Amino acid sequence: MIVLTGTSGGLAGVALEVILQKKLLSPKEFRLSSASGQTNSEAAIAAGVEVRRGNMREPDTLLSAFDGAEAVFLVSYPSVGEERYELHRNAIDAAKKAGVRHIIYTSLTFGGEHGDHSIAGVMEAHIKTVEYLKSSGVSWTIIRYATYAHLWNNFAGFLQLGDEKDFDAVIPADGPNSWASRRDLGEATAYILKDWREYVGKTITLTGPQLLTIKDVVKLYQTYSGRTVNIQEVGAERAAEYHTSRGTLPPDQTTFLSNWTSWHVAMAQGEVDYVDPMLEKLLGRKSVTVEEMADTLFNHKKNGLDTKDFV
């Protein structure tokens with residue numbers, strides 16, 4: 001029995017969909033844990049997949065959600081806030097207490113090919129979680145995910161795709177990144193979960209198929225849309241000041257800007273300047289490029305600016 005968390009989200013939700021469509025696991029071989037105790041997956045409901053309430057903020061609920069499981073797929077909490085690591089620790093402790101033998105954890109590709117150190121604020125909780133998991137006594141698998149391609153406009157100065165006016169994309173710095181389709185990443189995850197015993201004690205790195213800077217992606221957007229975007233690379237401090245004074249983000253999210261600037265500096269220092277073949281190996285095909293996703297990535301009706309987790 002393996003418990004899947006986070007299946008209401010865009011990554012684990014795809015993994016769940018693929019597991020059910022391709023019958024990678026039978027409904028009796030896995031269970032869902034959700035904060036509400038319910039699932040929005042019609043396919044999971046139709047298949048009779050069990051759902052239990054498990055909330056990282058209420059560790060006692062996790063004991064029931066994880067009870068009887070051999071493994072847990074622990075999807076990182078959707079926030080870049082300071083609480084993130086604490087909630088992950090709650091889940092690891094509860095899994096261990098419930099007798100879970102193995103945890104598969106979702107991290108990111110920042111920090112270079114090993115990911116042990118990073119200046120990207122978004123990696124801080126991941127690094128701490130991985131260290132805690134490896135010292136917990138529970139066996140582990142770490143899956144490191146490339147930056148979701150649909151977040152490119154957050155990196156590009158919070159560019160609103162629905163606006164046709166010329167845009168000044170004020171960013172701290174720039175560098176190559178291996179932007180990946182979240183759907184491809186979710187499908188690959190499904191195959192990992194099916195055969196999770198093969199990956200015990202391993203770190204799996206899933207990158208996109210090509211390296212593109214923010215400027216490269218913006219050029220593709222300009223060709224697609226005909227809109228002019230002027231990128232201004234101004235350094236971390238000035239970029240944060242610009243977006244604070246402009247009111248780019250809601251007032252309760254402005255403290256996030258220092259975290260956001262660190263992503264760009266990490267990219268400029270080469271932290272995500274590499275491509276790994278594992279994603280395509282798992283998929284058994286070529287992974288999707290940014291150009292091939294243009295009709296989705298560059299269309300405001302399909303890819304609105306997503307900042308809901310920036311608190």
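A polar contact is taken here as a pair of N or O atoms within 3.5 Å, where, within protein, one atom must be able to donate a hydrogen and the other to accept it. Between domain 1 and domain 2 of this predicted model, 10 residue pairs are in polar contact, with both partners at pLDDT 80 or more. That count makes a handy entry point to the way the two domains meet, and the salt bridges can follow from there.

The domain assignment divides the protein chain into domain 1, covering 2–147 + 180–206, and domain 2, covering 149–177 + 209–273 + 288–309. Their C-alpha centres are separated by 27 Å, and each side brings a set of residues to the contact: 17 from domain 1 and 17 from domain 2. The size of an interface is often expressed as the accessible area that is lost when the parts come together. For domain 1 and domain 2, the buried area is about 1,400 Å², and carbon and sulfur atoms give 57% of it. On the domain 1 side, Phe110, Ile119 and Thr147 deserve a closer look, since these residues supply 38% of the area that domain 1 buries against domain 2, more than any other three residues. The side of domain 1 that touches domain 2 is made up of 7 nonpolar, 8 polar and 2 charged residues. Across this interface the rule finds 0 salt bridges, whereas polar contacts are present, in the 10 residue pairs already mentioned.

The structure as a whole does hold salt bridges, 14 of them. One of these joins Lys215 to Glu233, with the closest N and O atoms 2.5 Å apart. This pair links distant parts of the chain, as Lys215 sits in helix α8 (residues 214–225) and Glu233 in strand β9 (residues 229–233), 18 residues apart. Lys215 has a relative accessible area of 31% and is therefore partly exposed; Glu233, at 42% relative accessibility, also falls in the partly exposed class.

A salt bridge within a single helix is found between Glu124 and Lys128, where the closest N and O atoms are 3.4 Å apart. Both residues belong to helix α5 (residues 124–134) and are spaced 4 residues apart, about one turn of the helix. Glu124 is partly exposed at 46% relative accessibility, and Lys128 is partly exposed with a relative accessible area of 36%.

Glu58 and Arg53 form another salt bridge, this one with 2.7 Å between the closest N and O atoms. Here Glu58 has a relative accessibility of 34%, so the residue counts as partly exposed, and Arg53 is partly exposed at 37%. Beyond these pairs, salt bridges also link Arg31, Glu50 and Arg52 into a network.

Thr289 offers a last local view. The residue lies in the loop between α11 (278–283) and α12 (294–297). Is Thr289 buried or exposed? With a relative accessible area of 18%, Thr289 is buried, because the cut-off for that class is under 20%. Leaving aside residues up to four places away in sequence, Thr289 touches Pro209 and Gln210. By contrast, Gly68 is 221 residues from Thr289 along the chain, and the C-alpha atoms of the two are 40 Å apart.

Technical notes
Residues are numbered from 1 along each chain as its sequence is written. This is a predicted model: local features need pLDDT of at least 70, side-chain atom pairs count only at pLDDT 80 or more; totals for chains, interfaces and linings use all residues. Side-chain values use heavy atoms; hydrogens and water are left out. A salt bridge is a side-chain nitrogen of Lys or Arg within 4 Å of a carboxyl oxygen of Asp or Glu. Buried means under 20% relative accessible area, exposed over 50%, partly exposed in between (1.4 Å probe, protein chains only). Helices (H or I, at least four residues) and strands (E, at least two) are DSSP runs, numbered from the N terminus. Domain bounds come from an automatic or database domain assignment. Contact means heavy atoms within 4.5 Å. Buried area is the accessible area (1.4 Å probe) that two parts lose on being put together, summed over both. A polar contact is a pair of N or O atoms within 3.5 Å; within protein, one must be able to donate a hydrogen and the other to accept it, and residues adjacent in sequence count only if both atoms are side-chain atoms. Ala, Val, Leu, Ile, Met, Phe, Trp, Tyr, Cys and Pro count as nonpolar, Asp, Glu, Lys and Arg as charged, and the others, Gly among them, as polar.
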